[in-house]
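The following exercises are meant to be worked through slowly, with the sequence and the model side by side. Please try each task before reading its solution.

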Amino acid sequence: GLIDVLTCAPENQDKLFDLITHVAQHLESIDDCLYFIVSKEVNNPTKVWVTELWTSKQAHDESLADASQQLLDILHEAMTLVTDERQRATLIRILGKGIPRE
């Protein structure tokens, strides 16, 4: 799993959120993406959170390698709105409600 915290100028939060939401819509057709959640921080208009769970790191990497140019352009545009270094946590799936059991 991955958790990204993207920081942007307050006036760009909605645009960044919308761009990442387009990515989420694309991922609905990819079975190896178990969930991809885009959230806004309630009391901080400079933050957009992205939480992902994949069947494997390889599946995540392959999804990026196989992405259409349109999707890559959307990701690039989104990253141009990010003002600080992206904060990323890579997680190991353990167990919890909503997590598929193997």
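Accessible areas come from the Shrake-Rupley method with a 1.4 Å probe. The model used throughout these exercises is a predicted one.

**Exercise 1. The surface and the charges**

Task: State how much area the chain exposes, what share of it carbon and sulfur atoms supply, and how far apart the mean positions of the positive and negative charges are.

Solution: Begin with the exposed area, which is about 6,700 Å² for the chain, and note that carbon and sulfur atoms supply 52% of that area. Then turn to the charges, of which the chain has 9 positive and 17 negative, and whose mean positions are 7 Å apart.

**Exercise 2. The overall fold**

Task: Give the number of helices and strands in the chain, write down their order, and explain why the chain may be called as compact as a globular protein of its length.

Solution: Counting the elements gives 3 helices and 4 strands. Read from the N terminus on, these elements follow the order β-α-β-β-α-α-β. The radius of gyration is 14 Å, and the globule rule gives 13 Å for 102 residues, which is close, so the chain is as compact as a globular protein of that length. Along the principal axes, the C-alpha atoms fill a box of roughly 40 × 30 × 20 Å. Of the 102 residues, 33% are buried. Finally, among the contacts with a separation of 6 or more, 65% are accounted for by residues that stand 24 or more positions apart.

**Exercise 3. Trp54 and its surroundings**

Task: Locate Trp54, decide whether Trp54 is buried or exposed, and describe which residues are in contact with Trp54.

Solution: The first step is to find Trp54 in strand β3, which covers residues 47-54. The second step is to look at its relative accessibility, which is 8%, and because buried means under 20%, Trp54 counts as buried. The third step is to list the contacts, leaving aside neighbours within four places in sequence: Trp54 is in contact with Leu27, Ile30, Asp32, Cys33, Leu34, Ala59, His60 and Ser63. In addition, a polar contact of 2.7 Å joins the side chains of Trp54 and Glu52. As a counterexample to these contacts, consider Asp14, which is 40 residues from Trp54 along the chain and whose C-alpha atom is separated from that of Trp54 by 26 Å.

One partner of Trp54 deserves a further step, namely Ile30, which is placed in the loop between α1 and β2. With a relative accessibility of 22%, Ile30 counts as partly exposed. Beyond neighbours within four places in sequence, Ile30 is in contact with Trp54 and Ser63, while the C-alpha atoms of Ile30 and His60, 30 residues apart in sequence, are 10.0 Å apart in space.

**Exercise 4. Thr7 and Phe17**

Task: Describe where Thr7 and Phe17 are placed, and which residues each of them touches.

Solution: Thr7 belongs to strand β1, residues 2-7, and at 8% relative accessibility Thr7 counts as buried. Not counting residues up to four places away in sequence, Thr7 touches Thr46, Lys47, Leu81, Val82, Thr83 and Asp84, and the side chains of Thr7 and Lys47 are joined by a polar contact of 2.8 Å.

Phe17, by comparison, has its place in helix α1, residues 13-27. With the residues up to four places away again left out, Phe17 touches Val38, Ser39, Lys40 and Val48. The C-alpha atoms of Phe17 and Val48 are separated by 6.5 Å, although the two residues are 31 residues apart along the chain.

**Exercise 5. A residue in a loop**

Task: Where does Ser56 lie, and which backbone nitrogen does its side chain reach?

Solution: Ser56 lies in the loop between β3 and α2, where its relative accessible area of 31% makes Ser56 partly exposed. Its side chain reaches the backbone nitrogen of Ala59 at 3.0 Å. The C-alpha atoms of Ser56 and Cys33, 23 residues apart along the chain, are separated by 8.9 Å.

Key: Residues are numbered from 1 along each chain as its sequence is written. This is a predicted model: local features need pLDDT of at least 70, side-chain atom pairs count only at pLDDT 80 or more; totals for chains, interfaces and linings use all residues. Side-chain values use heavy atoms; hydrogens and water are left out. Helices (H or I, at least four residues) and strands (E, at least two) are DSSP runs, numbered from the N terminus. The radius of gyration is taken over C-alpha atoms; the globule rule is 2.2 Å times the number of residues to the power 0.38. Buried means under 20% relative accessible area, exposed over 50%, partly exposed in between (1.4 Å probe, protein chains only). Contact means heavy atoms within 4.5 Å. Lys and Arg count as positive and Asp and Glu as negative; His and the chain ends are not counted. The place of a charge is taken as NZ of Lys, CZ of Arg, CG of Asp or CD of Glu. A polar contact is a pair of N or O atoms within 3.5 Å; within protein, one must be able to donate a hydrogen and the other to accept it, and residues adjacent in sequence count only if both atoms are side-chain atoms.
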